[in-house]
Amino acid sequence: MRHGKKFNHLGRQKKHRELMLANMACSLIEHKRVFTTVAKAKALRTYIEPLVTKSKNDTMHSRRVVFSYLRDKEATTELYTTVRDAVINRPGGYTRIIKTGRRLGDGAEMAMIEFVDFNDIYNVKETKTKTRRSRKKTTTSIEPKTEAENNNESAE
């Protein structure tokens, strides 16, 4: 029975799945974005986010733990230099998944997974200028008459 087993196995054995996610994570770190299926992108997000969080603490132990997951020295170095500098102040949510439509061959839903801080299109922060709405000054409001005006009207 598979009670309480919510992990997506992606139709692969455990070793194959681990190696595939490690390779995809290395590609994501190297190229900053990867095109893949939605299911693999979601699995990759749960795989890479804890590694990026661990990379914020640059110690020998954390480097060895990250290397045991990635199995690639260049990707580990890239993670601890370029990616770490970009996400050091971000509390989480380092990746973004954008659905790109369906694949022609089998109709699988495709997606692009990328690091949030390395996309120039979405990271442009626009400064909105505040617009002031002009208020029409109404002179039709009824103003109380002064005593002098009241006396002039009664004298006439």
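Which residues does Val83 touch, not counting residues up to four places away in sequence? In this predicted model, the residues in question are Ile29, Lys32, Glu78, Phe115 and Phe118. Val83 itself belongs to helix 4. Its relative accessible area is 0%, so Val83 is buried. One of its contacts, Phe118, stands 35 residues away along the chain, yet the C-alpha atoms of Val83 and Phe118 are separated by 8.7 Å.

Two of the residues that touch Val83, Phe115 and Phe118, also form an aromatic pair with each other. A pair of aromatic rings is described by the distance of the centres and the angle of the planes. For Phe115 and Phe118, the centres are 6.1 Å apart and the planes meet at 65°. Planes over 60 degrees apart count as edge-to-face, so the pair of Phe115 and Phe118 is given that label. Phe115 is buried, with a relative accessible area of 1%, whereas Phe118 is partly exposed at 25%. The ring of Phe118 has a further partner: the charged end of Lys32 sits over it, 5.2 Å from the ring centre.

Phe115 also leads to the largest nonpolar core, which holds 29 residues. Within this core, Leu70 and Phe115 touch the most other members. The elements that give two or more residues to the core are helix 1 (14-31), helix 2, helix 3, helix 4 (73-87) and strand 3 (109-115). For Leu70, leaving aside neighbours within four places in sequence, the contacts are Ala22, Ala25, Cys26, Ile29, Leu51, Ala75, Thr76 and Leu79.

Helix 2 can be looked at along its length. This helix has 18 residues and reaches 25 Å from its first C-alpha to its last, close to the 26 Å expected at 1.5 Å a residue. Its buried residues are Val38, Ala41, Ala43, Leu44, Tyr47, Ile48, Glu49, Leu51, Val52 and Ser55. What covers them includes helix 1, strand 1 (33-37), helix 3, helix 4, strand 2 (95-102) and strand 3.

Tyr47, one of these buried residues, brings up the aromatic pairs again. The count of such pairs comes to two. Besides the phenylalanine pair, Tyr47 and Tyr69 form an edge-to-face pair, at 6.0 Å centre to centre and with 75° between the planes. This pair links distant parts of the chain, because Tyr47 is in helix 2 (residues 38-55) and Tyr69 is in helix 3 (residues 60-70), 22 residues apart. The relative accessibility of Tyr47 is 14%, so Tyr47 counts as buried. Tyr69 is partly exposed, with a relative accessible area of 40%.

Helix 3 also contains Ser62. At a relative accessible area of 3%, Ser62 is buried. The side chain of Ser62 reaches the backbone oxygen of Asn57 at 2.5 Å. Not counting residues up to four places away in sequence, Ser62 touches Lys54, Asn57 and Tyr80. The last of these, Tyr80, has a charge placed over its ring: the charged end of Arg63 sits there, 4.4 Å from the ring centre.

Technical notes:
Residues are numbered from 1 along each chain as its sequence is written. This is a predicted model: local features need pLDDT of at least 70, side-chain atom pairs count only at pLDDT 80 or more; totals for chains, interfaces and linings use all residues. Side-chain values use heavy atoms; hydrogens and water are left out. Rings of Phe, Tyr and Trp (its six-membered ring) pair if their centres lie within 6.5 Å; planes under 30 degrees apart count as stacked, over 60 as edge-to-face and the rest as tilted. Helices (H or I, at least four residues) and strands (E, at least two) are DSSP runs, numbered from the N terminus. Buried means under 20% relative accessible area, exposed over 50%, partly exposed in between (1.4 Å probe, protein chains only). A charge sits over a ring if NZ of Lys or CZ of Arg is within 6 Å of the ring centre and within 35 degrees of the ring normal. A nonpolar core is a set of buried Ala, Val, Leu, Ile, Met, Phe, Trp, Tyr and Cys residues joined through side-chain atoms within 4.5 Å. Contact means heavy atoms within 4.5 Å. The expected span of a helix is 1.5 Å times one less than its number of residues. A polar contact is a pair of N or O atoms within 3.5 Å; within protein, one must be able to donate a hydrogen and the other to accept it, and residues adjacent in sequence count only if both atoms are side-chain atoms.
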